[in-house]
Amino acid sequence: MPKWKDEQEARREILTAVAEYYHAYQERGTPFKAGERVSYAGRVFDEKEMCALVDSALDFWLTAGRFAEEFERGFAEYLGVRFASLVNSGSSANLIAFSALTAPELGERRIKPGDEVITVAAAFPTTVAPVVQYGAVPVFVDVTIPQYNIDASMLEAALSERSKAVILAHTLGNPFDLAAVKSFCGRHRLWLIEDNCDALGSACLLDGQTRLTGTVGDIGTSSFYPPHHITMGEGGCVYTNDPLLHRLILSYRDWGRDCVCPSGHDNFCGRRFAGQYGELPAGYDHKYVYSHMGYNLKATDMQAAIGCEQLKKLPDFIERRKHNWARLHSLLEPVADKLILPEPAPGSDPSWFGFLMTCREGVSRERVVRGLEENGVQTRMLFSGNLLRHPCFDEMRKSGTGYRVVGRLENTDRIMRDAFWVGVYPGLTAEMIDHVAKLIIQAVSA
């Protein structure tokens, strides 16, 4: 006979033991000491995430389930959008967002091979990859320094009769000029996808109202990889206010199916055997009708369980990121003649992902980065720097086809040569931030 009177008592005892394990073996108890590793990002969690993970494991519902539904509702409520669809990564979120815009249901606005999509080369590759993978043509324009976002004054020059969309990320949490980009898209009937993976919780002033990034365009995307604002380990989300786009997002996420039954539910619509689709027999099981060439990019309930607890911590995480960024900025102002320090976009309130700097003339990024890394401070480049310089573009560069460049991308190339960033994530203490600033000052002053 089991020692517990019922399953609920067993579960409570297991979760109590998990919480005790966290406090005994996972909780950081020693203050930071100079010389210890300072990561650029990391997981910030407590016993609640561990208990939620085990709670979901005890259900042994190995795909999306009750926790996924709870997260999607809570995330949509936080953002103030109608629909949020959980996926297995931020890169998958970008893929699904773009896939939805290629659907036949969108008529003349559908993105087809050869159509153009305006973006930037100072980007993470999976912001741009879906454009290339679907046979569309990315059109690259330069960015500004020190905001590191699209130079909106170049949008009209990038426009052509084949333009269908704009896809941009809010770089390291700093919102791009949403007013200018949204107005441009509206004038020319272009889709706008906001890659919000590095900017969850960032806000900007738009038409006299404060708006969260990711909610202004037609579709927004988020990532829950460990360095991001909240984490599920792996995970992402696609969100929109448009019912048709939402249906398309679900279809492309869930094998391309036409049915919208949630996982584990049959006959959600009440007409499972009542339809006629394509050239299938009348009454063919709607659960196995496919309206698009889709994928299986769902997240698991175990991931979602972690996300539910992380979402509760998000407001505090955001405030800590802002605090760390402001502290580091203040400490580095004495070396602003050596480094171009980052600046928030006008009218914005960034939820910072990192602290990005560009070395001024005479200061070697290689020397500064090496000095920091050798002293235990993790650094990162601004992702690809200039995506067009990477091996993935070798064939297109050689042929001169498959993409288009507007202008000379001078700032993009400068970022590739001279920029780097350090972390401001919530796990960094004031002592860590002060230590990082001291090392940066020493490195640029050598």
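**Exercise 1. Which residues does phenylalanine 140 touch, not counting residues up to four places away in sequence?**

Solution. This is a predicted model: local features need pLDDT of at least 70, side-chain atom pairs count at pLDDT 80 or more, and totals for chains, interfaces and linings use all residues. Residues are numbered from 1 along each chain as its sequence is written, and side-chain values use heavy atoms, without hydrogens and water.

- Step 1. Set the cut-off: contact means heavy atoms within 4.5 Å.
- Step 2. List the partners of Phe140: Thr119, Val120, Ala121, Val128, Leu388, Phe393, Tyr403, Arg404, Val405, Val406 and Leu409.

**Exercise 2. Which residues of the largest nonpolar core touch the most other members?**

Solution.

- Step 1. Define the core: buried Ala, Val, Leu, Ile, Met, Phe, Trp, Tyr and Cys residues joined through side-chain atoms within 4.5 Å. Buried means under 20% relative accessible area (1.4 Å probe, protein chains only).
- Step 2. Take its 44 residues; Phe140, Ile150, Val166 and Val181 touch the most other members.
- Step 3. Find the largest share: H7 gives four residues. Helices here are DSSP runs of H or I, at least four residues, numbered from the N terminus.

**Exercise 3. At what angle do the axes of H9 (residues 301-332) and H13 (residues 430-445) cross?**

Solution.

- Step 1. Fit the axes to C-alpha atoms over the stretch in contact; angles run from 0 to 180 degrees between N-to-C directions.
- Step 2. Read off the result: the axes come within 10 Å and cross at roughly 35°.
- Step 3. Name contact residues: among them are Leu328 and Leu331 of H9, and Ile433 and Ala437 of H13.

Methods
Buried means under 20% relative accessible area, exposed over 50%, partly exposed in between (1.4 Å probe, protein chains only). Helices (H or I, at least four residues) and strands (E, at least two) are DSSP runs, numbered from the N terminus.
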